[in-house]
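The following exercises concern a single protein model and are each followed by a worked solution. Please attempt each task before reading its solution.

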Amino acid sequence: MEIRKRLAVLVGCNYHNTQYELHGCINDVIQMREVLLSRFGFEPEDVELLTDAPGSPIVPTGKNIMAALGRMVGRAGLGDVLFFHFSGHGTRIPSPRHGRPFWQDEAIVPSDFNLINDMDFRQLVNRLPKGSSFTILSDSCHSGCLIDKEKEQIGPSTVSSLGLRDGDGTAPFIPKAKSIPFDSLLHFLSTLTKINTSDIGTHLLQCFGADASLRFRLTREELDAPIDPPLKPDEGILLSGCQANETCVDVNPWSSAASASGGGGAGKAYGAFSNAVQTVLRENPRRRLSNREVVAAARAVLEAQGLAQHPCLYCSDENADAPFLWQPQIADV
């Protein structure tokens with residue numbers, strides 16, 4: 001594959017001064033930016049960073065994230081490599097669509113709680129020009145299936161073939177789940193809208209209008225309509241931090257045990273999945289790892305740390321064995 005441009009949007013949400021505050025998400029994407037520049041051949045001007053750090057020039061609201069992703073996809077051409085890394089909270093919401101796993105839709109939670117869900121990512125992937133690729137790395141709870149209708153390569157149905165054991169959940173540090181439960185999300189939005197309904201779409205449309213997710217702006221009939229033309233293998237690639245029914249964790253920065261167990265460095269918080277991917281890349285400095293190899297090795301890292309979260313891979317058969325982010329040959333970087 002001949003690469004022309006490498007474009008990235010990196011989003012870290014720590015949700016400062018809220019009851020949902022995390023600590024490692026901004027660190028995750030700052031570290032990823034350095035890796036993109038040093039290992040994968042990205043140019044600084046082609047990597048857009050959105051965080052909710054105090055004084056950040058662009059806050060990672062739902063509208064701003066979707067605008068950044070839309071610009072990136074709009075710039076894409078034949079042979080371009082696109083990358084989106086999200087570190088923050090994820091959630092699941094009741095799904096009106098038939099055939100959804102667990103009758104739930106998966107979503108990431110921007111800083112303003114304007115959810116971006118699996119249907120939004122599907123629409124972005126559908127816009128890709130032929131011959132480009134779009135890799136999503138989501139270090140958030142319930143991130144499996146975050147590209148709607150993407151093919152499972154490593155996940156609940158395939159994990160046994162990898163020969164990996166499940167983590168026992170006895171991590172030597174105190175992790176915090178990167179999840180906002182549906183009831184908590186509904187309560188938060190209800191305090192903003194003052195509307196008495198359990199329909200989260202009503203609250204999101206009231207708060208964000210046309211900037212709300214496409215999933216909440218379609219009718220039930222439109223949501224259930226068959227896809228025309230039918231989906232074919234595409235260039236969407238999802239590396240999720242966990243299965244759709246699991247949680248990812250944010251690791252306590254002040255735990256000495258966390259640093260000793262291979263964490264992101266003494267005094268620095270980190271997302272366990274983001275850190276696992278960084279660990280895999282660091283331990284294989286001269287290898288072009290495939291997407292499948294990155295996810296399988298990240299699972300092994302998390303298992304060794306005693307964490308009961310299972311990263312997944314969703315993409316076409318061809319992309320499962322393609323190099324992660326189409327890393328250049330070492331001599332070419």
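**Exercise 1.** Locate Leu 223 in this predicted model, and decide whether Leu 223 is buried or exposed.

*Solution.* Begin with the secondary structure: Leu 223 lies in helix α6, which comprises residues 220-224. Next, take the relative accessibility, which is 11% for Leu 223. The cut-off for a buried residue is under 20%, so Leu 223 counts as buried. Finally, consider the fold around it: 127 residues separate Leu 223 from Pro 96 along the chain, yet their C-alpha atoms are 7.8 Å apart.

**Exercise 2.** Describe the place and the surroundings of Leu 289.

*Solution.* Leu 289 belongs to the loop that joins α8 (272-283) to α9 (291-304). Its relative accessible area is 5%, and therefore Leu 289 is buried. Leaving out residues up to four places away in sequence, the contacts of Leu 289 are Val 280, Leu 281, Asn 284, Val 294, Ala 322, Pro 323 and Phe 324. One of these, Pro 323, is 34 residues away in sequence, with a C-alpha to C-alpha distance of 5.5 Å from Leu 289.

**Exercise 3.** Identify the residues with the most contacts inside the largest nonpolar core, and the helix that gives the most to this core.

*Solution.* The largest nonpolar core contains 48 residues, and Leu 69, Phe 84, Phe 121, Phe 134 and Ile 200 have the most contacts inside it. Helix α2 (residues 62-75) gives the most to this core, namely 5 residues. A second core, separate from it, has 39 residues, including Phe 83, Ala 272, Ala 320 and Ala 322.

Now examine α2 itself. Its 14 residues span 20 Å from first to last C-alpha, close to the expected 20 Å. Buried in α2 are Gly 62, Ile 65, Ala 68, Leu 69, Gly 70, Met 72 and Val 73. The elements covering these buried residues include β1 (6-12), β2 (47-51), β3 (81-87), β6 (116-117), α3 (118-126) and β7 (133-139).

**Exercise 4.** Classify the packing of α1 against α8 from the angle between them.

*Solution.* The axes of α1 (residues 25-39) and α8 are 10 Å apart, at an angle of about 25°. Angles under 35 degrees count as roughly parallel, so α1 is roughly parallel to α8. The crossing of α1 past α8 is left-handed. At the interface, Asp 28, Gln 31, Met 32, Val 35 and Arg 39 of α1 meet Ser 274, Gln 278, Leu 281 and Arg 282 of α8.

Methods. Residues numbered from 1 in each chain as written. Predicted model: local features only at pLDDT ≥ 70, side-chain atom pairs only at ≥ 80, totals over all residues. Heavy atoms only, no water. Helix = DSSP H or I, 4+ residues; strand = E, 2+ residues; numbered from the N terminus. Buried < 20%, exposed > 50% of the residue type's maximum accessible area, 1.4 Å probe, protein only. Contact = heavy atoms within 4.5 Å. Core = buried A, V, L, I, M, F, W, Y, C linked by side-chain atoms within 4.5 Å. Expected span 1.5 Å × (residues − 1). Axes fitted to C-alpha atoms, helices over the stretch in contact; angles between N-to-C directions. Parallel < 35°, antiparallel > 145°, perpendicular 65-115°, else oblique. Left-handed = near helix turned anticlockwise from the far one by under 90°.
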